[in-house]
Amino acid sequence: MPELPEVEVTRQSFAMRIRGARVDAVRLGKPLRWPLGCDPESLVSQAVGDVTRRGKYLWLALERGGLLMHLGMSGSLAFSTASGSPGPHDHFDLVTSHGTLRLTDPRRFGAVVWSSAPDAGVAAKLLAGLGLEPFDPAFDGAHLHAALRGRRVAIKQALLGGEIVVGAGNIYACEALFEARIDPRTRSDRLSRPRCDRLADAVRQTLARALELGGSTLRDFRDAHGMAGEFQLQARVYGREGQSCVRCGGSVRRIVQGQRATFFCPGCQRR
Ligand SMILES: [Zn+2]
């Protein structure tokens, strides 16, 4: 599943190139998770503005409103001057004077939705309830500590939920908890303020590392899933069940929390 770093790297791969282009045509494939919400013809001849990101959503500004895009479970966006004719999994093309932005999504949980503004209509509804951006200065130990008060769920679940901070998807949550030496099963409301400080730092650093990795492979970036794979190869605890912990030499364990695999080291991650 494309996570925040993949979405951000995707954004960086085309935001500057599509900016200032004119929409020449819009082509829709099979239905996606939500309908486009406007007549595709109404987008033609509009100028493209900035492409910004909120959580795992991208907002592509047009002269009148914009498009909110999500990659769902299996989507990827590619911008090219030589897209060729769409294949069976290509369900949205924004053909512009600078090239074609194409959504490829075999499972079709992704979406492209028109909205009059990111804070109005459908976009506002979809973006409501998202936690802070991990690189927002307001996301720190104090924020995390206050947000975890009264939450009895395991800390890994609280991170994955995305209502406190966005971006800590499964791999990144496991890695951040490892870096902060916190057992993923720890009850959220039992985390002390100093441990929240460490965890907030770890979330930011883990995501920064993933972004750097994506940035370094940006030139031949084709597929958002390739990047998660790259990150996994460098992961310090994720996917390493039964192997020795890189920090203490203990044995990495795999458990299941909320139907997602969690990897951690019982030797150096404490409750
Ligand atoms: Zn360890």
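These numbered points cover the zinc site, the salt bridges, one strand residue and a surface patch.

1. Status. This is a predicted model. Every value below is computed from it.

2. Zinc donors. Four sulfur atoms serve as protein donors to the zinc ion: SG of C245, C248, C265 and C268. They lie 2.2 to 2.3 Å from the metal. In sequence the donor residues follow the spacing C-x2-C-x16-C-x2-C. C245 sits in the loop between α7 (224–234) and β9 (253–257), and C265 in the segment after β10 (260–264), so this pair ties together parts 20 residues apart in sequence.

3. Zinc geometry. Why is the arrangement tetrahedral? The 4 donor atoms subtend angles of 98 to 118° around the zinc ion. Four donors count as tetrahedral if all angles lie between 85 and 135 degrees. The ideal angle for four tetrahedral donors is 109.5 degrees.

4. Cover at the zinc site. C245 has 5% relative accessibility and counts as buried. C265 is at 0% and is buried too. The cut-off for buried is under 20%.

5. Salt bridges, count and network. The model holds 17 salt bridges. Among the residues involved, E8, R11, R53, R54 and E133 are linked in a network.

6. E3 and K56. Their side chains form a salt bridge, at 3.5 Å from N to O. E3 lies in the segment before α1 (4–18), and K56 in the loop between β2 (48–54) and β3 (57–62), so the pair ties together parts 53 residues apart in sequence. E3 is buried, at 10% relative accessible area.

7. R236 and E179. Here the closest N and O atoms of the salt bridge are 2.7 Å apart. The pair links distant parts of the chain: R236 is in the loop between α7 and β9, E179 is in helix α5 (residues 170–179), and 57 residues separate them. R236 is partly exposed, with a relative accessible area of 30%. E179 is partly exposed as well, at 29%.

8. D93, R102 and T100. Are R102 and D93 buried or exposed? Both are buried. They form a salt bridge, with the closest N and O atoms 2.8 Å apart. D93 is also in contact with T100. T100 lies in strand β7 (residues 99–104) and is buried, at 12% relative accessible area. Beyond its neighbours within four places in sequence, its contacts include A78, F79, S80, S83, L94 and V95.

9. Surface patch. M1, M73 and F109 make up a nonpolar patch on the surface. Together they have about 250 Å² of accessible area. M73 lies in the loop between β4 (66–70) and β5 (76–80). M73 is partly exposed, at 32% relative accessible area.

Notes:
Residues numbered from 1 in each chain as written. Predicted model: local features only at pLDDT ≥ 70, side-chain atom pairs only at ≥ 80, totals over all residues. Heavy atoms only, no water. Donors = N, O, S within 2.8 Å, 3.2 Å for Na, K, Ca; no water. Tetrahedral: all angles 85-135°; square planar, octahedral: opposite > 155°, others 65-115°. Helix = DSSP H or I, 4+ residues; strand = E, 2+ residues; numbered from the N terminus. Buried < 20%, exposed > 50% of the residue type's maximum accessible area, 1.4 Å probe, protein only. Contact = heavy atoms within 4.5 Å. Patch = residues over 30% accessible without salt bridge, like charges linked within 9 Å, V, L, I, M, F, W, Y side chains within 5 Å. Areas by Shrake-Rupley, 256 points an atom, 1.4 Å probe, with all protein chains shown as cover. Salt bridge = Lys/Arg side-chain N within 4 Å of Asp/Glu carboxyl O.
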